[in-house]
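Subject: Structure for your review

Dear colleague,

I am passing on the structure below, together with notes on what turned up when I went through it. Please read the notes with the coordinates open beside them.

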Amino acid sequence: MSSIVQKMLLASAQLADASDAVTLPAQAAFVYNPLRYAWAPYELYVSRYAQSPKKCLFLGMNPGPFGMAQTGVPFGEIEAVVNWMHIEAPVGKPAVMHPKRPIDGFACHRSEASGRRLWGLFRELYGTAERFFTSNYVTNYCPLIWMTESGANITPDKLPSNIRQQIDAACMQFLKTVIHILEPKILVGIGAYAARKMQEAANLMPERHMTVGSLLHPSPASPVANKFWPERPIEQLKQLGVWPDN
């Protein structure tokens with residue numbers, strides 16, 4: 001195991017601990033931490049694809065219910081994780097699960113649409129996962145998933161300010177650590193929230209002179225993504241210099 005992988009796994013374990021210490025928001029009846037129950041496939045992801053410095057670091061917001069929540073891999077749509085990244089490992093379960101949001105691991109029959117679009121784009125551009133991850137890496141800012149009694153998702157930007165401050169302290173430290181370890185030249189936030197966090201991290205690390213950009217979020221809940229995917233993100237990647245031929 002390379003020293004880079006060891007440092008990445010240590011930073012992830014520290015983030016898991018810090019996230020568990022965050023106060024549960026009043027509106028959240030359930031909270032999942034995939035860095036706990038889905039550590040095995042997450043560890044494979046880091047061990048296989050974070051072995052060396054990267055040109056570009058991509059950042060998502062937090063896990064989706066049928067992506068990282070099931071596979072431990074950011075934007076972890078099962079087909080892409082198994083058949084493109086060649087990752088599959090046992091997944092446990094949160095201590096308490098919402099009946100509408102069960103964790104079935106790689107036996108989950110639902111597809112993560114955002115992950116299907118994102119990894120599908122990278123597969124189209126780079127061909128193999130090995131080629132993509134030679135110069136790129138994808139992580140999430142926050143590892144937690146919060147849900148209401150009804151099972152509705154609560155995104156980090158919708159948390160009360162005192163809770164946001166707690167989670168930001170842990171997640172920004174993790175992001176800065178990942179940047180120190182992987183030494184990217186380009187930071188790309190997937191969606192507006194992640195782009196803001198990338199800019200905040202860059203502002204805290206001016207000595208690194210990194211380019212910060214954004215990528216259209218692939219969520220099917222976004223009318224813009226539904227209309228302009230994959231043409232818009234392809235244009236954004238070209239403008240940032242994140243391209244297989246560069």
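The notes that follow cover one helix, the nonpolar cores, the salt bridges and a buried acidic residue. Please keep in mind throughout that this is a predicted model.

Helix α8

Helix α8 runs over residues 161-182, and at 1.5 Å a residue its 22 residues should span 32 Å, which agrees with the 30 Å that separates its end C-alpha atoms. The helix nevertheless bends by about 25 degrees, and the bend is placed at D168. Its buried residues are I163, I167, A170, C171, M172, F174, L175, V178, I179, I181 and L182. An α-helix has 3.6 residues a turn, so residues three or four places apart point the same way. After the end of α8 comes E183, which has a positive phi, near 55 degrees.

Nonpolar cores

The largest nonpolar core has 80 residues, and the members that touch the most others in it are Y45, F58, M85, W119 and Y137. The element that gives the most to this core is α8, with eleven residues. If residues up to four places away in sequence are left aside, F58 touches F122, F132, N136, Y137, V138, T139, V188, I190, M198, L215, L237 and V242. There is also a second, separate core of eight residues, among them A38, I103, I145 and M147.

Salt bridges

Six salt bridges are found in the structure. One of them joins D17 to R36, with the closest N and O atoms 2.5 Å apart. Because D17 lies in helix α1 (residues 3-20) and R36 in helix α2 (residues 34-37), this pair ties together parts that are 19 residues apart in sequence. D17 is partly exposed, at a relative accessible area of 45%, and R36 likewise counts as partly exposed, at 41% relative accessibility. The two also belong to a network of salt bridges that links D17, D20 and R36.

D168, the residue at which α8 bends, forms a salt bridge with K197, the closest N and O atoms being 3.2 Å apart. This pair links distant parts of the chain, since D168 is in helix α8 and K197 in helix α9 (residues 192-204), with their positions 29 residues apart in sequence. K197 counts as buried, at 7% relative accessibility. K197 also forms a salt bridge with E200, where the closest N and O atoms are 3.6 Å apart. Both K197 and E200 lie in helix α9, three residues apart, or about one turn of the helix, and E200 is partly exposed, with a relative accessible area of 35%.

A buried glutamate without a partner

Which side chain of opposite charge is nearest to E77, and how many Å away is it? It is that of R116, 4.8 Å away, and E77 is buried yet has no salt bridge; the cut-off for a salt bridge is 4 Å, so a pair at that separation is not counted. E77 lies in the loop between α4 (68-71) and α5 (78-83). Not counting residues up to four places away in sequence, E77 touches G67, S111, E112, G115 and R116.

With best regards

Technical notes
Residues are numbered from 1 along each chain as its sequence is written. This is a predicted model: local features need pLDDT of at least 70, side-chain atom pairs count only at pLDDT 80 or more; totals for chains, interfaces and linings use all residues. Side-chain values use heavy atoms; hydrogens and water are left out. Helices (H or I, at least four residues) and strands (E, at least two) are DSSP runs, numbered from the N terminus. Buried means under 20% relative accessible area, exposed over 50%, partly exposed in between (1.4 Å probe, protein chains only). Lys and Arg count as positive and Asp and Glu as negative; His and the chain ends are not counted. Contact means heavy atoms within 4.5 Å. The expected span of a helix is 1.5 Å times one less than its number of residues. The bend at a residue is the angle between axes fitted to the seven residues ending there and the seven starting there. A nonpolar core is a set of buried Ala, Val, Leu, Ile, Met, Phe, Trp, Tyr and Cys residues joined through side-chain atoms within 4.5 Å.
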